[in-house]
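This report describes the strands, helices and one pocket of a protein chain. Please keep the sequence and the structure in view while reading.

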Amino acid sequence: MLYVQDDHIREIGIDWTKLTDIIQDVVVIGDSGDCVHPLKPYLRFGDPKNRIIAMPAYVGGTINLAGIKWIASYPNNSLVGLPRAHNTLILNKPSTGEPIAFIHSGLLNGLRTAAVSGVMLKQYVSARQPADLSIHLIGWGPIGRLHLDMCIALFGERIQQVRIFDLKGVNTNTIPASVRGKTLAVSDWRQGYQEANVIMTCTVSAERYIDEAPPPGALLLNVSLRDYKPESVSAVTTIIVDDWREVCREQTDIEQLHLLYNLQETDVRTLADVVLRDHLAGVEAKEPIYFNPMGLGIFDIAIAGYYWKEAVRLNKGVTLEASKSISPTSRE
């Protein structure tokens, strides 16, 4: 078994084109019926804000990997100098169940999240053909920073302006040099909100706060899932999800629309509808597009599998020795 962590992933490198291609491959495989991802359970104990989520999944096709993601989310960890999320994955060989990799990486979680957003952004740009991108980023934590990195890598030449809002403020030295000259750190999320055509919410907000209708034609990448007051998006008719069963629960914005405005599964479209069936081509240019990705284990397994294979190829990571004998109690 190979052990891989953040430093190994950074040494291997981050190729956003490759990562978004992997996500698109999984969308194709999943649409063909060759993926399995049971509804993920949430383990809660003690402080109800904290949770640990299990995400078992199998991805077939050319990826052909099984595994499980086990991610702990503790919003107050920053008060004691720890990351909010602790992310681990185990990869298994589908033919035998043999564990082949153990990955401990918060970075991997962020890469998957931003890569899924990147697929949606690519589809938006392809359908709408905007002359330039005006990005409004709410939340300048690790996920927000990776989203801006993704935007720069995929569409850097199109980026006209970036506005960033964070409750803790934004250190301009942390803004990538390639866009620093056209980036404004704003003191209120409303500043520039109506002028943006790509809006990304990457927060850990305990309360919904966005109370304005979105700009006409904008792409709303609702990464943190709990930022929009229901009335602000109740008139939006183009709503995209990764999986209705997953996203319509756990106090998400989608669940609020379901409970308060009777939003149903038949009212939304999936990422597969966008990627494989060109759904955005039929959406009027003035209509906002509201993307709510809950996060699917199939995407995590595929991205983890890519880094495992690269680690093997480049001799990265640490090989963990297996037991030299098989315990009788392990036999079935």
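Strand β6 (residues 85–92) and β7 are joined by five bridges and run antiparallel. The model is predicted: local features need pLDDT of at least 70, side-chain atom pairs count only at pLDDT 80 or more, and totals for chains, interfaces and linings use all residues. Residues are numbered from 1 along each chain as its sequence is written, and side-chain values use heavy atoms, with hydrogens and water left out. Helices (H or I, at least four residues) and strands (E, at least two) are DSSP runs, numbered from the N terminus; two strands pair if DSSP finds at least two bridges between them.

**Strand pairs**

In the pairing of β6 with β7, threonine 88 stands opposite histidine 104. The hairpin of these strands has six residues between them, and glycine 97 takes a positive phi near 80 degrees. Strand β7 also pairs with β1, and three pairs are listed below.

| Strands | Bridges | Direction |
|---|---|---|
| β6 (residues 85–92) and β7 | five | antiparallel |
| β1 (residues 2–5) and β7 (residues 99–104) | four | parallel |
| β13 (residues 238–241) and β14 | two | parallel |

Valine 4 has isoleucine 103 in β7 as its bridge partner, while isoleucine 240 has arginine 269 in β14.

**The open sheet and its helices**

Eight strands form an open sheet with parallel pairing, in the order β10-β9-β8-β11-β12-β15-β13-β14. Its edge strands, β10 (183–185) and β14, each pair on one side only.

Helix α4 (residues 142–155) lies across β8 (133–138), β9 (159–165) and β11 (198–201), and runs at about 180 degrees to β9. Helix α8 (residues 253–261) lies across β13 and β15 (289–292), at about 115 degrees to β15. Such angles run from 0 to 180 degrees between N-to-C directions, with axes fitted to C-alpha atoms, for helices over the stretch in contact (heavy atoms within 4.5 Å).

**The second largest pocket**

A pocket is an open set of points on a 1 Å grid over the protein atoms alone, where a 1.4 Å probe fits, with protein on both sides within 12 Å along at least five of seven lines; lining residues have an atom within 4 Å of a point. The second largest pocket has a volume (the space filled by probe spheres set on the points) of about 380 Å³. Of its 21 lining residues, Asp242, Asp243, Thr270, Ala272 and Leu296 are the closest to its centre. Helix α2 gives the most to this lining, with four residues.

Where does this pocket lie? Domain 1 (2–108 + 296–319) and domain 2 (128–292) both give residues to its lining, so the second largest pocket lies between them. The domain bounds come from an automatic or database domain assignment.
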